[in-house]
Amino acid sequence: MSEKLPAKITTHYSVIPRDKDPRWKDVDMERVSDEFDAVIVGGGPAGMSAAIRLKQLANDAGKEFRVCLVEKAAEIGGHILSGNVFQPNSLNELIPDWKEKGAPLHTPVKEDKFSVLTETGRIPVPVIPGLPMSNHGNYVIRLGNLVQWLGEQAEELGVEIYPGSPAAEVLFHEDGSVKGIATADVGIAKDGSPKETFERGMELHAGITMFAEGCHGHLGKQLYKTFNLRANCQPQTYAIGFKELWEVEPSRHRPGLVEHSLGWPLDRFTYGGSFIYHLDEGAPLVAVGFVVGLDYKNPYLSPFKEFQRYKTHPYIRQTFEGGTRLSYGARALNEGGFQSIPKLTFPGGCLIGCLPGFVNVPKIKGTHTAMKSGMLAAESVFETLNQENTQSNTIAPEPSSYQELIQNSWVWQEMKSVRNIRPAAHNFLGIWGSILYTGTIYFLFRGKEPWTLNHGGIDSSHLKPAAECKPIEYPKPDNKLSFDLLSSVALTGTNHDHDQPAHLTLLDDSKPVEHNLAVFDGPEQHFCPAGVYEYVPTEDGKGMRLQINAQNCIHCKTCDIKDPSQNINWVCPEGGGGPAYSGM
């Protein structure tokens with residue numbers, strides 16, 4: 001093995017090419033390949049629904065049709081985190097007999113509550129049927145469990161599923177159309193050199209590749225640029241969502257109760273809110289969560305600490321006092337809605353689910369729309385690959401009918417109808433403007449108003465310099481209702497091989513100190529929900545340096561979104577790394 005290079009923050013090959021690194025000179029870089037009709041990247045609701053629908057169509061037509069689905073989590077559902085109040089219309093269509101087949105939908109919604117919280121009190125707001133927050137006919141579920149069950153249905157139909165196989169690279173034909181993906185290499189040391197255990201990833205070639213990576217997927221980012229898919233839409237905007245699962249005192253448990261709130265501890269200019277969902281699964285389980293829009297301005301704001309503070313509110317603490325916290329997690333989610341949906345197809349592939357942003361923000365739901373997008377894409381892909389005399393200008397065809405199918409579906413109508421509610425918060429009223437818009441304009445016009453509001457740029461551009469902001473004093477955790485960050489991360493089950501290059505890469509290693517710390521007081525140490533980023537003294541004690549604790553990463557993607565210098569690029573770690581959520 002050749003001599004190691006000096007220690008760097010970023011040693012990943014996506015920033016430091018191997019062809020210029022002498023340590024890789026004699027390493028065999030050949031990859032084994034396999035051929036499929038369709039390859040699906042991501043085993044969430046959209047990916048699983050697409051896989052199931054493809055095999056349903058193939059089996060009904062009596063055709064041999066090979067479908068491969070790759071998932072970066074060690075187990076299907078292991079990286080899934082969501083509220084989740086589930087609207088079952090897409091599942092009803094995909095698998096009509098889901099009840100008989102044992103789908104894990106155990107808790108029908110029995111009661112809706114909505115509140116505006118002040119520092120010490122609660123203002124109840126009526127939940128009017130027909131408005132987005134009404135949950136009649138829906139179920140409180142644990143989405144990871146539903147995704148696992150969908151995986152079982154897919155395998156029974158003949159889908160080839162490979163967990164622990166992150167898609168690391170998009171492959172292209174010589175004419176620029178998508179050829180498939182390559183899974184991540186393994187056996188690379190932290191300094192970027194090959195270990196004796198190095199193995200190349202595998203190439204998975206497909207007639208069409210369907211990308212279902214979830215919110216802010218790293219391959220999706222590349223596809224946006226390669227095919228200019230965002231040319232005619234607004235930039236995506238995001239939030240970070242936290243969730244904890246608690247076992248509460250039986251006397252405080254009300255199965256089927258769904259509660260949402262706005263207000264404290266956030267000010268009116270910081271978009272966000274909370275949820276409390278009571279499950280009926282044999283134990284007094286309650287899911288509690290908190291969402292903060294990533295267009296917030298104060299670099300000192302810690303979304304994690306806002307969540308912990310929220311649980312100490314006099315009204316909220318009633319549910320959790322005397323209870324036990326079982327699990328914790330966090331994930332970024334799309335909030336751009338209708339006006340941020342990109343072009344969905346390109347030669348050799350398409351985007352489905354939360355990757356392009358099919359989330360109904362006012363409804364706080366995206367699973368039903370993600371599933372339907374995967375189903376419609378599957379119909380387009382199957383038709384494209386099986387129609388006789390297919391004419392294509394590229395080696396891999398484009399499933400163009402998918403765009404039309406989506407735009408003629410209830411998904412498009414639903415997304416369009418609520419398009420102005422989230423951006424209505426961008427005024428002097430803040431989040432109250434969004435509430436006022438819902439109660440007046442949306443109530444009257446149901447989305448048919450002849451205008452579309454603007455989101456106002458990417459989230460990272462909203463951050464103000466630290467000199468213009470006031471530091472926020474957060475109370476110390478009491479370890480009963482509120483907790484510290486590291487003990488929370490321990491509940492995620494996250495794990496990465498320590499001896500691999502950090503998958504949180506920096507385009508420029510000098511930017512964090514020279515720009516982020518100097519101007520914004522290092523906001524990554526506040527917005528990361530897993531303690532990945534720390535500013536620590538340099539070895540000589542004369543300055544500060546950024547330390548990346550990549551082994552803590554729970555794959556939320558917040559850093560890639562909120563970094564004010566847009567210098568952080570999340571890439572996939574070795575297969576199986578990351579959180580190990582159990583039914584979150």
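**Cores, helices and salt bridges of the predicted model**

In this predicted model, Ile548 touches Ile9, Ala502, Leu504, Leu506, Val532 and Tyr533, when residues up to four places away in sequence are not counted. Ile548 belongs to the largest nonpolar core, which has 68 residues, and is among those with the most contacts inside that core, together with Tyr310, Phe320, Leu504, Val532 and Tyr533. The element that gives the most to this core is strand 17 (residues 285-293), with 6 residues. Apart from this core lies another, of 54 residues, among them Ile161, Met210, Leu376 and Trp412. In soluble globular proteins, nonpolar side chains tend to be buried together.

Two helices were examined for their length and cover. For helix 3 (residues 143-157), a rise of 1.5 Å a residue over 15 residues should give a span of 21 Å, and the end C-alpha atoms are indeed 21 Å apart, in agreement with that expectation. The buried residues of helix 3 are Leu143, Gly144, Leu146, Val147, Trp149, Leu150, Gly151, Gln153 and Ala154, and the buried residues of this helix pack against helix 1 (45-61), strand 3 (85-86), helix 2 (89-94), strand 8 (160-163) and helix 7 (367-386). Just after helix 3, Gly158 takes a positive phi of about 110°. Helix 7, one of the packing partners of helix 3, is mostly covered, since 16 of its 20 residues are buried. At 1.5 Å a residue, the 20 residues of helix 7 should span 28 Å, and the distance of 29 Å between its end C-alpha atoms agrees with this value.

On the surface, Ile128, Phe443, Leu444 and Phe445 make a nonpolar patch of about 380 Å². Of these residues, Phe443 is placed in helix 10 (residues 431-445) and is partly exposed, with a relative accessible area of 37%. Asp191, by contrast, is buried, with a relative accessible area of 16%, and is found in the loop between strand 11 (186-188) and strand 12 (194-199). Asp191 and Ser134 are 57 residues apart in sequence, and their C-alpha atoms are 52 Å apart in space.

The structure holds 25 salt bridges. One of them joins the side chains of Arg23 and Asp21, with an N to O distance of 2.8 Å; Arg23 is buried, with a relative accessible area of 8%, and Asp21 likewise counts as buried at 7% relative accessibility. In another, the closest N and O atoms of Asp499 and Lys195 are 3.7 Å apart. Asp499 lies in the loop between helix 11 (485-490) and strand 21 (504-506), whereas Lys195 lies in strand 12, so the pair ties together parts that are 304 residues apart in sequence. Asp499 is partly exposed, with a relative accessible area of 33%.

A salt bridge within one helix is formed by Arg309 and Glu306, which both lie in helix 5 (residues 303-310), 3 residues apart, or about one turn of the helix. The closest N and O atoms of this pair are 3.0 Å apart. Arg309 counts as buried at 18% relative accessibility, and Glu306 counts as buried at 2%. Arg18, Asp185 and Arg200, finally, are linked in a network of salt bridges.

Key. Residues numbered from 1 in each chain as written. Predicted model: local features only at pLDDT ≥ 70, side-chain atom pairs only at ≥ 80, totals over all residues. Heavy atoms only, no water. Core = buried A, V, L, I, M, F, W, Y, C linked by side-chain atoms within 4.5 Å. Buried < 20%, exposed > 50% of the residue type's maximum accessible area, 1.4 Å probe, protein only. Helix = DSSP H or I, 4+ residues; strand = E, 2+ residues; numbered from the N terminus. Contact = heavy atoms within 4.5 Å. Expected span 1.5 Å × (residues − 1). Patch = residues over 30% accessible without salt bridge, like charges linked within 9 Å, V, L, I, M, F, W, Y side chains within 5 Å. Areas by Shrake-Rupley, 256 points an atom, 1.4 Å probe, with all protein chains shown as cover. Salt bridge = Lys/Arg side-chain N within 4 Å of Asp/Glu carboxyl O.
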